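Reader: Could you take me through a close look at the place where the two chains meet? I would like the cut-offs along with the numbers, please.

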Number of protein chains: 2
Amino acid sequence: MKVDLIIAHAFVLTMEGAGVGIVENGAVAINGDSIAAVGATDEILAGYQADRVIDASGKLVMPGLIDAHMHTGLSIFRGMAQDMSHWMRKGMWPLMKNSTKEETLKGSLVTIIEGIKAGTTTFCDFDHSMGRIVSHYAKIGARARVAETVNELSDDIGKLPVGELYPLDPAIGNRKLVANIKLFEEWHGKENGRITCLFGPQGADMLGKELLLEVKALAQKYDTRIHMHVAQGDREIEQMVKRHQKRTIPYLDELGYLDSRLMAVHLTEATKEETQLVAKRGASMIYCAGSIGIIDGLVPPIMDFLEAGGQAALGSDQAPGNNCNNMFNEMKFAAILNKVKRADPKVFPAWLSLRLATIESAKAIGLDHEVGSLKAGKKADVIILDLEAPTLCPIYTDPIRNIVPNLVYSARGNEVETVLIDGQVIMENRKLLTVDEKEAFRQAQEAADQISRRSRDDIAAADSDVYRMMEDGYL
Amino acid sequence: MKVDLIIAHAFVLTMEGAGVGIVENGAVAINGDSIAAVGATDEILAGYQADRVIDASGKLVMPGLIDAHMHTGLSIFRGMAQDMSHWMRKGMWPLMKNSTKEETLKGSLVTIIEGIKAGTTTFCDFDHSMGRIVSHYAKIGARARVAETVNELSDDIGKLPVGELYPLDPAIGNRKLVANIKLFEEWHGKENGRITCLFGPQGADMLGKELLLEVKALAQKYDTRIHMHVAQGDREIEQMVKRHQKRTIPYLDELGYLDSRLMAVHLTEATKEETQLVAKRGASMIYCAGSIGIIDGLVPPIMDFLEAGGQAALGSDQAPGNNCNNMFNEMKFAAILNKVKRADPKVFPAWLSLRLATIESAKAIGLDHEVGSLKAGKKADVIILDLEAPTLCPIYTDPIRNIVPNLVYSARGNEVETVLIDGQVIMENRKLLTVDEKEAFRQAQEAADQISRRSRDDIAAADSDVYRMMEDGYL
């Protein structure tokens, strides 16, 4: 059979089956946007012909990584809000209120480039003005599963004293929901199906009950998922108890929210019983190891969730307070933070991290019919890594293979040489083919310079821990 | 004044003073092996002339990183011992007993290359047959502070049932000590002073009292430091209590070991009081965040040690059970693991990690008169990073700078473009000039293939957690 491309002589991780689906000296045949076949090089070369054959000797071929939770619209503020208390109010807010949507859009592009260069091919992006951010994914050729942020908060919510109940304004909520619907109608299924849309209620504390139920009904109507922060911090739980006399998870359960349409992000403040309930109801959990580690100094209950049979995925969250969007970072942190939480080196082995960034993640976000593993019929989202990088050297294959632990615990992301998404080569020899990287960085820098100028007084007034570090010469 | 090289127009972190020593638009003048001056670009260009001026616009210039604890002789086993119990006995031992010194030497070179490519310029390497490993540092041109491993254990110690008291053999100890003395006499101060030697008693449980005291006397005689694992695991504490009816730290204190000559590695099992005692006595602590996180699922008491006024440094330890030797990895893990340990995002800010990988590390290992900061008169160990990498973009300089948090929380190590050690350019545009990388990796692979073949039966017999994962398709 004639196909467009064969990648041959590779060490292949298909991520099919219960483990990692090893094929030593394997090959992948790609036709159009899809995988035609995966198998031993001999068999693939016997059964398929292609104009282009990539000799991947000394390379690792695997499914592209899936980042199940991001806010790329915040990336322009990278490095401005960590090592501090009140990171959102004192770190982010003075910058956010002084930035334009055009400027945050420039930051978003940098993060998407960062992600692709570290092997991310599917981006679950969640942000305000997603209608504009999504154009980046269309242009670059990446796969994106996007949601518009929906809440009932006014733009000057940052002024509210800590601890006070947020005023909720249904008119604002309605306007934002309309934007989410518009996103869905304009983009869902576009770009050969690479772009799909979700609903994005920000958190149970930020929307009234009516709007939450409306979102739920819309997700059913459009047959899509809900991407939502759940029990993401003590601030949220306080708001919920004050407003509804209930913690988030029991409240959502009463509303019928905890089902397989829900991608519940963080669960940082969920009790063990609440975590088990979310798993039992069939909602998935998105675990952001690096972000919650930096912002809160906490390890969310991912192990309890997995032990309760829940479907989970890893996500990198926003750049300020992580401060990167690199799934190799997430895989390593997920593993080590949970070993430490349980004081047991056997907890969260490398293969689990790798699955939670590929096939399990695909299931958790509802895209496993298309991505997450290398299998005939799935979309050709494939990455090729250099096994001769110093971080992966040497390779053992017998009687124990060391490639998976070295991917998770040693690789930095720059081992990724080639990235294919939807059958198209997006990056080759670490050069992105669909976007001018230098120009993207130049424009992001220009935007940051503007934001910096405008936000000076507000940053000084916030008098954050970070601002004091700056004054004392620590930054 | 005429100098050899000026690096100008850079964003400079000198790491002098209490913070990070920022010089925006700064320059470094280098003459021979030393720094002639550091300051504003204008001033440096007015006061110095050089044949070569590197325009470092858009670059960050800072002191080379110091890895205060490594065992590069174990790197050939990278990725073979993690996510398991009994990592040393069941993971490492079946491989170690089937490898030759020539083979482990090949692995060592890979790790040194990995380190330099991630900005490490000073390597505190601790291993058996250091007399041979040290040649790598001489050839590559890196700075190394090396110790030979000294213990009284026979080579077949791995056969001993878990929990039994190790038989100590003074004759073996003496032979190993002689090798450490030979290392010192042959190498200390060699290569223009780049190579310095320490004494390396492996741990208080692995040497008799007499040999420990002999090592101490020799360190005084040669006026050098002692690099030693202290309270590194429950196994060690059990041995100590069984043999000496004392825990490690009180025992060492009685022997007068806890003084400023001692670099105490790990302290994993030290109580708060013991940790404070080590700090009070003036010994330094080497904290290996990634390694102890993976191997033990623990966070050593570095915060208690720092709060007691102790002098600490970060180290990457061995590749199997970390599994990398990258100080950017250590800086990020040190910060986040301690935030999580204390459930406080303000704990272990970025600047602290950066200091513990540069100037504080230099003090902890006794090389701060030569390295750890950029200052006239110090050795020219300097790294240049690309500030236009996606991980560091965008840059804010006012009213808050984001470079230090992004270095610690976002950079991966491959942002390092150029490395100078002792005034010599060792790496340029990420290409190592003093060693053939590909050939090094090829030889390491060849060695691993041999070890793999020989150790098959022993690995099967050990029946480790990792071996079972392999059988089940998880590796």
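Author: Happy to, and a good place to begin is one pair of side chains: Lys438(A) and Glu388(B) meet in a salt bridge, 3.7 Å from N to O. The term stands for a side-chain nitrogen of Lys or Arg within 4 Å of a carboxyl oxygen of Asp or Glu. Between chain B and chain A the count is 6 salt bridges.

Before going on, a word on the ground rules. This is a predicted model, in which local features need pLDDT of at least 70 and side-chain atom pairs count only at pLDDT 80 or more, while totals for chains, interfaces and linings use all residues. Residues are numbered from 1 along each chain as its sequence is written, chains are lettered from A and ligands numbered from 1 in the order in which they are written, and side-chain values use heavy atoms, with hydrogens and water left out.

Now the polar side of the interface. Across it, 39 residue pairs of chain B and chain A are in polar contact, both residues at pLDDT 80 or more. A polar contact is a pair of N or O atoms within 3.5 Å; within protein, one must be able to donate a hydrogen and the other to accept it, and residues adjacent in sequence count only if both atoms are side-chain atoms. Several helices of chain B each supply at least two residues of the side that touches chain A, among them α3 (101–117), α12 (327–342) and α16 (437–462). Helices here are DSSP runs (H or I, at least four residues), strands likewise (E, at least two), numbered from the N terminus. The largest share of that side of chain B, 10 residues, comes from α16(B). By residue class, the side of chain B that touches chain A divides into 48 nonpolar, 23 polar and 18 charged. In this scheme Ala, Val, Leu, Ile, Met, Phe, Trp, Tyr, Cys and Pro are nonpolar, Asp, Glu, Lys and Arg are charged, and the others, Gly among them, are polar.

As for extent, 89 residues from chain B and 89 residues from chain A take part in the contact (heavy atoms within 4.5 Å). Together the two chains bury about 7,400 Å², and 63% of this lies on carbon and sulfur atoms. Buried area is the accessible area (1.4 Å probe) that two parts lose on being put together, summed over both. Tyr396(B), Arg412(B) and Tyr474(B) supply 11% of the area that chain B buries against chain A, more than any other three residues.

Thr391(B) is worth a stop as well. This residue is found in the loop between β14 (382–386) and α15 of chain B, and Thr391(B) is buried, with a relative accessible area of 7%. Buried means under 20% relative accessible area, exposed over 50%, and partly exposed in between (1.4 Å probe, protein chains only). Leaving aside neighbours within four places in sequence, Thr391(B) is in contact with residues of both chains, including Arg78(A), Glu114(A) and Arg412(B). Its side chain also makes a polar contact with the side chain of Glu415(B), at 2.6 Å.

Lastly, α16 of chain B has another role in the picture. Helix α2 (residues 87–96) of chain B has the buried residues Trp87(B), Gly91(B), Met92(B), Trp93(B), Pro94(B) and Leu95(B). What covers them includes α10 and α16 of chain B.
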